[in-house]
Amino acid sequence: KRAGFDIVYVYAGHDYLPFQFLSRRTNHRGDAYGGSLENRVRLLREMIEDTREAVGDTCAVAVRLAVDELHGPEGITSEGEGREVIEMLAELPDLWDVNVAGALGNDSRSARFSAEGFQEDNVAFVKQLTTKPVVSVGRFTSPDRMVSQIRRGVQDFIGAARPSIADPFLPAKIREGREDEIRECIGCNICRAANNEGVGLRCTQNPTMGEEWRRGWHPERIALHPKREKALVIGGGPAGLEAALTLGRRGLDVALAEASDQFGGRLLREATLPGLATWMRVRDWRLHMLDKLPNVEVYPASRMGIDDIAEFGADHVVLATGSTWRRDAVGVYAVRPVDLPEALTPDEVFAGRKLTDPVVIYDDEHYFMGGALAEKLAAAGHAVHYVTTAPVASSWAVMTNEQDFLQARLIEVGVTIHPLKALMSQGNGEVHLACVYTGREEAMPCGTLILCTGRLPENSLRDLLSARGIAASRVGDCLTPSSIADAIHSAHRFARLLGEPDLPPRRERAPVRSL
């Protein structure tokens, strides 16, 4: 209140302490704060009343309440006690902010495991029980879906954290009739991963997220390049598209050349995996915005050789040639190459190579690829064995709040999971595995082995240019294979800093002392 806040929250969501008092699953008290629902609601009621008494003359008092903890009738449900809690406290707060609970991942599900606005069925009843305004969430990205819920009386305000991370000017663009320019959230949950890792916030769609104060990067405004120069960007995947867009916005004359007849790079493959179709927004938004720039030309089906590049005469050559999956099993656990001439990589699977059952997918990368490929191939009717050096499938996906959903999905579609196994060799229709702890070896039948381990940068063109003495800059996966978010950040950073001083982030600069 003294700091000038307009709203103060009483928080009973995500299994926090006030919610633990509400739920029969966690409240086993025998005093006035346990037992009946009226008793279990007592703490939350008193918190709202005491907060209103303390700040209510200048601040609104809002309540975040999980109206369904997704544990069935033994817990709070939107058909049962969640509804009764709202009825008991209906007019006490100034705003109801309602959601689902259980694990935090239930509330912030990725696009891979939820549809847009997926919480509507759980929260739609709240407005019927109170005259106070209601807000909810649900990974909203489409203005049409947002307006639909307002008009149908589901809620009064739209809670849009992840969409606002992807585009901080989303409300302004709706208000100004620029919906086509909205940089829609793809629901990848890289932002959730940053939160869970305790690192600076990141966003696949918005490379300026977290850099506004740290580096002074504005999401919509960027300094013009000091000279009118030509840039040639080679590679039309995520990094190439971002580099071309940012260089174009800085006023350079940009040519974007892509070897294939489609732009998108790795997105063309990865967006075909189960639940990842929204990832194509990374390509589609950038192509749409590039079309608005008269100083940018795009050239599909235009493979650039070294002579073509030399003849083009660009002031700046930018390579965004991507990466390829390794076929030697080197990944997180394995650091020594293994000779596996019969193994396939994800690149070859996407290219349509014939698969023979049983299919063994070896995952020593631990993000989405191994698990998503296993799900896709099992759904197509293959007998799939998923082998990983980690204790669980796609272990890094715990950072994106997806791991438990994924593991359940793999079990449901019939994938056999083999945790804590390292790949040793392949031959005679078998793979040989070893326990990562004991080294105990075992054999497993294998018709096709697919390696999801590490990736190597595609630098053959860079090497040819270097030999010719032609300078080129690398961005994205051909510099360092990583996530799409990292590839886009790499390209944006290069284009934004071209011709500008690369100052350290603000918190790393020496303080300026006045005399």
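I will talk about one open sheet of three strands and about one lysine in it, K421.

Please keep in mind that what we have here is a predicted model. The strands of this sheet come in the order 14-15-16, and their pairing is antiparallel. Strand 14, covering 421-427, and strand 16, covering 441-445, stand at the edges with a single partner strand each, so one side of each of these two is left without a neighbour in the sheet. If we ignore direction, neighbouring strands of the sheet are turned against each other by 30° on average.

Let me turn to the pairing of strand 15, residues 430-435, with strand 16, which is antiparallel and runs over five bridges. Within this pair, V431 stands opposite M444 of strand 16, and H432 stands opposite A443 of strand 16. As a general point, side chains in a regular strand alternate between the two faces of the sheet. The hairpin formed by strand 15 and strand 16 has five residues between the strands, and G439 in this hairpin takes a positive phi near 80°.

Now to K421, which lies in strand 14. Is this lysine buried or exposed? K421 has a relative accessibility of 18%, and because the cut-off for buried is under 20%, K421 counts as buried. What does its side chain meet there? The side chain of K421 is joined to that of E442 by a polar contact of 2.8 Å. Leaving aside residues up to four places away in sequence, K421 also touches Y362, V387, T388, T389, L433, A434 and V436, with E442 again among its contacts.

Terms used
Residues numbered from 1 in each chain as written. Predicted model: local features only at pLDDT ≥ 70, side-chain atom pairs only at ≥ 80, totals over all residues. Heavy atoms only, no water. Pairing = 2+ DSSP bridges. Helix = DSSP H or I, 4+ residues; strand = E, 2+ residues; numbered from the N terminus. Axes fitted to C-alpha atoms, helices over the stretch in contact; angles between N-to-C directions. Buried < 20%, exposed > 50% of the residue type's maximum accessible area, 1.4 Å probe, protein only. Polar contact = N/O pair within 3.5 Å; in protein donor to acceptor, adjacent residues only side chain to side chain. Contact = heavy atoms within 4.5 Å.
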